Amino acid sequence: MTQPPESPCCALCGQPGTVTVDPPRRTIARGADPSDSSFSVIAVLPDVLLCEEHAEDLTSRLTIGWCDDERCRLYGESGEASPCGEPFRKLKR
Ligand SMILES: [Zn+2]
Ligand SMILES: [Zn+2]
């Protein structure tokens, strides 16, 4: 049997991810140059994978954020620091 090279894990804690949820929003404007508003690229965000525990929290107190730094492009808990050092930004509907 072949196993996938990386087992999918929870976006928030790294435990095995068993629940796939829709992100708060599906697209994000990614401007190459922030000072040039005429240039924007719409990026489509993937599904969010969570463990059962965090999937439950999501309905009550948890807010999913996204870091769009090219080193990350990851989901995490909104307001928490992402691996690149910037906080995960809340995704508004
Ligand atoms: Zn988790
Ligand atoms: Zn980051």
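Visitor: Which residues are the protein donors of the zinc ion (ligand 2)?
Guide: This is a predicted model, in which local features need pLDDT of at least 70 and side-chain atom pairs count only at pLDDT 80 or more, whereas totals for chains, interfaces and linings use all residues. Residues are numbered from 1 along each chain as its sequence is written, chains are lettered from A and ligands numbered from 1 in the order in which they are written, and side-chain values use heavy atoms, with hydrogens and water left out. Donors are N, O and S atoms within 2.8 Å of the metal (3.2 Å for Na, K and Ca), and because water is not among the atoms, sites may look incomplete. Lying 2.1 to 2.4 Å from the zinc ion (ligand 2), the protein donors are C67 (SG), C72 (SG), S82 (OG) and C84 (SG).

Visitor: What arrangement do the four donor atoms around the zinc ion (ligand 2) make?
Guide: Along the sequence these donor residues are spaced C-x4-C-x9-S-x1-C. Four donors count as tetrahedral if all angles lie between 85 and 135 degrees, four count as square planar and six as octahedral if opposite donors are over 155 degrees apart and all others between 65 and 115, and anything else is irregular. Because the four donor atoms here subtend angles of 97 to 123°, the arrangement is tetrahedral.

Visitor: Is S82 buried or exposed?
Guide: Buried means under 20% relative accessible area, exposed means over 50%, and partly exposed is in between (1.4 Å probe, protein chains only). Since the relative accessibility of S82 is 6%, this donor counts as buried.

Visitor: Which residues are the protein donors of the zinc ion (ligand 1), and what parts does the pair C13 and C51 tie together?
Guide: The protein donors of the zinc ion (ligand 1) are C10 (SG), C13 (SG), C51 (SG) and H54 (ND1), lying 1.9 to 2.3 Å from it, and they follow the spacing C-x2-C-x37-C-x2-H along the chain. C13 lies in the segment before β1 (19–21) and C51 in the loop between β4 (48–50) and α1, so the pair ties together parts that are 38 residues apart in sequence. Helices (H or I, at least four residues) and strands (E, at least two) are DSSP runs, numbered from the N terminus. The parts tied together are therefore the segment before β1 and the loop between β4 and α1.

Visitor: Which residues does H54 touch, not counting residues up to four places away in sequence?
Guide: H54 is found in helix α1 (residues 52–60) and is buried, with a relative accessible area of 15%. With contact meaning heavy atoms within 4.5 Å, the residues that H54 touches beyond that sequence window are C10, L12, C13 and L62.

Visitor: What pattern does the protein chain follow along the sequence?
Guide: The secondary structure of the protein chain comes to one helix and seven strands. Buried residues make up 27% of its 93 residues, and among contacts between residues at least 6 apart in sequence, 45% join residues at least 24 apart. Read along the sequence, the chain follows the pattern β-β-β-β-α-β-β-β.

Visitor: What distance separates the C-alpha atoms of T27 and A43?
Guide: T27 lies in strand β2 and touches I42, A43 and V44, not counting residues up to four places away in sequence. Although T27 and A43 are 16 residues apart along the chain, their C-alpha atoms are separated by 5.5 Å.

Visitor: Which strand gives the most to the lining of the largest pocket?
Guide: The lining comprises R25, I28, A29, R30, W66, D68, R73, R89, K90, L91 and K92, where a pocket is, on a 1 Å grid over the protein atoms alone, an open set of points where a 1.4 Å probe fits, with protein on both sides within 12 Å along at least five of seven lines, and lining residues have an atom within 4 Å of a point. At least two lining residues come from each of β2 (27–30) and β7 (89–90). With three residues, the element that gives the most is β2.

Visitor: Which residues does D68 touch, not counting residues up to four places away in sequence?
Guide: D68 has its place in the loop between β5 (64–67) and β6 (74–77), and at 14% relative accessibility it counts as buried. Beyond its sequence neighbours, D68 touches I28, R30, R73 and R89.

Visitor: What is the phi of R73?
Guide: R73 is found in the loop between β5 and β6 and is partly exposed, with a relative accessible area of 36%. Although R73 is not a glycine, its phi is positive, at about 50°.
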